[in-house]
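Open the model in your viewer, with the sequence panel beside it, and follow the stops below in order. Each stop says what to select and then what is found there.

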Amino acid sequence: MRVVVLLLFILAAKVQAADPHSFSNFALVSHPQLSLDLTADFDKQQLSGFVELQLDWHHPDVRELILDSRDLSIENVMGQSANGKWVKLSHSFGDKSSTHGQALRIEFPEQFPKVRIYYHTSPQASGLQWLTKEQTSEKQQPFMYSQSQSIHARSWIPLQDTPAVRLNYQARIHTPKELLAVMGADNSANTDKDGDYFFRMPQAIPAYLIALAIGDLEFKAMSERTGVYAEKVWLDKAVAEFSDTEQMMQVASSLYGDYPWGRYDLLILPASFPFGGMENPRLSFITPTVIAGDKSLVSLIAHELAHSWSGNLVTNASWHELWLNEGFTNYVENRIMEQVYGPERALLERQLSVQDLENDLDQLDPKDTLLVTDYTGRDPDDAFTQVPYVKGMLFLQFLEQRVGRAAFDPFLKNYFQTFAFQTMDTEKFLRYLRKTLLNDPDIVSMGEILEWLYQPALASTFVAPVSDAFAQVDQQRALWQKSGKLTDLQTNSWTIHHWLHFIGQLAATVDIAQLQQLDQGFGLSQSQNAEVAAAWFKVALAKNYTQAQPALQQFLVRVGRRKFVVPLYQQLSQSPETLGWAKAVYQQARAGYHPLTQSAVDKVLKFN
Ligand code: BES
Ligand code: ZN
């Protein structure tokens with residue numbers, strides 16, 4: 001009888017809280033509290049030590065804890081019984097999956113309150129990058145950092161690696177004496193560099209937000225509660241570039257409620273960081289490629305900051321519904337940009353986003369263009385397309401336009417407050433939306449909402465953002481193409497946004513001679529703005545403008561941001577000549593890339 005009850009319980013728990021990207025049995029037993037003690041060994045490129053998990057057992061018959069792991073070596077597992085005695089426990093691994101790692105099963109004689117796992121990581125850990133000193137900006141000391149989203153926390157900590165479980169943690173990190181360790185947690189900016197660091201994360205967060213970096217870092221404050229950690233060469237530049245961070249925080253707080261995490265600092269990573277930014281709590285991880293010198297790319301800071309509400313406070317329950325994190329965040333980001341830099345800039349950024357989305361929609365399998373997707377059996381990192389970001393944002397903008405900001409702003413603020421420190425799924429969001437904002441079906445019909453969520457591509461109720469500014473850029477381009485005179489392009493008044501729009505339209509409209517003329521006139525191959533450079537290289541490759549290749553080579557060796565390099569390698573792999581060239585460049589660049597970037601480019605170039 002008990003067995004049947006347990007089976008039914010397991011079944012119900014599975015239906016209730018399934019995450020196909022986690023092996024863990026989190027509905028039966030979970031770990032609200034985690035404690036780490038890890039030593040970073042830069043020669044071996046490994047973290048070693050232990051994690052201690054406090055356990056909450058949710059059913060009396062359960063005696064097994066299933067965790068997620070990937071490439072971890074387990075040395076020993078000890079459990080602490082209710083009377084305080086430590087005993088050795090047996091463990092085993094499940095089958096290995098290339099995308100999901102392995103289940104780690106631990107057997108208990110009874111429901112112990114604590115378990116301690118001694119382990120070390122592999123140099124290939126998918127969630128860590130180890131850089132030699134030559135691969136850093138200062139070239140004096142080595143560097144390491146983690147990137148846990150989506151399911152890479154399991155490659156450096158055995159745990160329940162699902163956004164459906166939240167935990168508090170504390171950590172003690174041992175490093176070489178000259179280096180500073182920082183975590184997305186309580187960081188004291190004035191810590192002495194002594195190789196022994198303590199952290200506490202008092203708010204409950206999902207595993208993908210656990211973050212660690214170790215390097216030759218220095219700190220500089222920007223305001224009472226914001227500051228920058230960076231290698232010395234970047235520090236002053238970053239402080240100047242991101243000096244509006246405090247103002248962004250004030251704007252976001254006035255719209256959506258007090259900033260709930262205490263400090264907000266930025267960590268500038270080496271250029272091999274595979275993302276633009278990562279919203280680790282209290283300490284966003286940031287690519288140096290957004291330090292453009294003119295604040296033109298700071299929407300990325302607005303974005304990572306916005307996650308303090310959308311994502312970190314209210315969290316998507318599984319990676320199928322990434323739009324609940326990223327779509328909301330893009331929406332909030334654009335509101336922050338509007339208030340800090342004005343409606344015109346916010347509009348241009350929305351318009352550029354729509355262009356990016358349209359490019360993705362052309363290439364994606366239609367079933368991956370729904371807001372609610374299904375990535376079962378696949379790598380959840382594949383959900384990182386413009387769809388959850390831009391289509392998600394556009395859906396919220398559609399709702400906002402229908403009901404008006406006077407109603408939509410308080411709705412969103414209450415949403416963040418009501419579900420703070422909880423997980424969210426689309427159905428739950430819909431119920432809340434219906435109950436609190438759309439009780440009148442005349443304003444928005446269920447059919448209209450369902451089309452946005454469950455139909456491919458853009459919904460029929462989508463209204464494209466349009467600006468005069470970009471229409472003028474298009475006019476000038478037409479004039480120049482007719483006259484052949486660069487003076488027809490009034491670029492003095494152009495911002496990065498105008499340039500990005502201009503370059504984005506070139507592939508369809510110009511020939512190679514015109515590209516050469518533009519490059520000579522404006523030095524686009526040499527652009528120091530990474531977004532402009534990447535967009536330009538894309539056109540250059542499409543048009544076979546080989547003169548851009550030396551600059552492209554430098555770019556690919558210097559920058560490891562996946563959004564830039566993977567599409568460029570994809571383009572290069574289209575013809576045999578450029579494929580050969582790309583392989584040679586990659587040979588030089590590969591060692592400097594993050595493991596995630598490496599495996600993505602390996603696939604594209606069929607390398608190894
Ligand atoms: N949380 C994401 C990064 C991410 C998404 C990592 C999915 C792994 C899987 C982060 O907030 C983000 O969206 N970064 C963007 C920048 C942004 C301005 C759109 C990026 O890295 O390009
Ligand atoms: Zn994001």
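Buried area, as used at the domain stop of this tour, is the accessible area, taken with a 1.4 Å probe, that two parts lose on being put together, summed over both. Please keep in mind throughout that this is a predicted model.

**Stop 1: the domains**

Colour the protein chain by its four ranges, which are domain 1 (2–216), domain 2 (220–305), domain 3 (309–454) and domain 4 (503–605). Then show domain 2 and domain 3 alone, whose centres, taken over C-alpha atoms, are 23 Å apart; their contact draws on 25 residues from domain 2 and 24 residues from domain 3. Between domain 2 and domain 3 about 2200 Å² is buried, and carbon and sulfur atoms give 64% of that area. On the domain 2 side, select Leu 255, Tyr 256 and His 303, which lose the most area to domain 3 and together make up 34% of what that side buries. How many salt bridges does the rule find across the interface of domain 2 and domain 3? The count is zero.

**Stop 2: the zinc ion**

Keep His 303 selected and add the zinc ion (ligand 2), for which the protein donors are His 303 (NE2), His 307 (NE2) and Glu 326 (OE), at 1.9 to 2.1 Å from the ion. Along the chain, these donors of the zinc ion follow the spacing H-x3-H-x18-E. His 307 and Glu 326 link distant parts of the chain, 19 residues apart, with His 307 in the loop between α4 (299–306) and β20 (314–316) and Glu 326 in helix α5 (residues 323–341). Are His 307 and Glu 326 buried or exposed? Both are buried.

**Stop 3: Gln 149 and Glu 279**

Next select the positions that an unreviewed UniProt entry records under the feature "binding site", among them Gln 149 and Glu 279. Gln 149 is in the loop between β10 (143–146) and β11 (166–174), and Gln 149 counts as buried because its relative accessible area, 10%, is under 20%. If residues up to four places away in sequence are not counted, Gln 149 touches Tyr 208, Met 278, Glu 279, Trp 319, Leu 322, Glu 326 and Asp 381.

Move to Glu 279, which lies in the loop between β18 (277–278) and β19 (283–286) and is buried, with a relative accessible area of 2%. Leaving aside neighbours within four places in sequence, the contacts of Glu 279 include Gln 149, Glu 304, His 307 and Glu 326; two of these names, His 307 and Glu 326, will be familiar as zinc donors.

**Stop 4: backbone details**

Most residues other than glycine have a negative phi, and most peptide bonds are trans. Against that background, zoom in on the bond that joins Gln 149 and Ser 150, which is a cis peptide bond with omega about 0°; Ser 150 is in the loop between β10 and β11. In the loop between β18 and β19, select Arg 282, whose phi is positive, near 70°, and which is buried at 12% relative accessible area. Then go to Ala 457, in the loop between α10 (446–454) and α11 (468–483), which has a positive phi of about 55° and is partly exposed, with 32% relative accessibility.

**Stop 5: Ser 353**

Finish in helix α6 (residues 343–363), where Ser 353 is found. Ser 353 is buried, with a relative accessible area of 16%, and, apart from neighbours within four places in sequence, Ser 353 is in contact with Val 390 and Met 393.

How values were computed:
Residues are numbered from 1 along each chain as its sequence is written. Chains are lettered from A and ligands numbered from 1 in the order in which they are written. This is a predicted model: local features need pLDDT of at least 70, side-chain atom pairs count only at pLDDT 80 or more; totals for chains, interfaces and linings use all residues. Side-chain values use heavy atoms; hydrogens and water are left out. Donors are N, O and S atoms within 2.8 Å of the metal (3.2 Å for Na, K and Ca); water is not among the atoms, so sites may look incomplete. Helices (H or I, at least four residues) and strands (E, at least two) are DSSP runs, numbered from the N terminus. Buried means under 20% relative accessible area, exposed over 50%, partly exposed in between (1.4 Å probe, protein chains only). UniProt positions are given in the numbering used here, feature names are shortened, and annotations may be inferred rather than shown by experiment. Contact means heavy atoms within 4.5 Å. Domain bounds come from an automatic or database domain assignment. A salt bridge is a side-chain nitrogen of Lys or Arg within 4 Å of a carboxyl oxygen of Asp or Glu.
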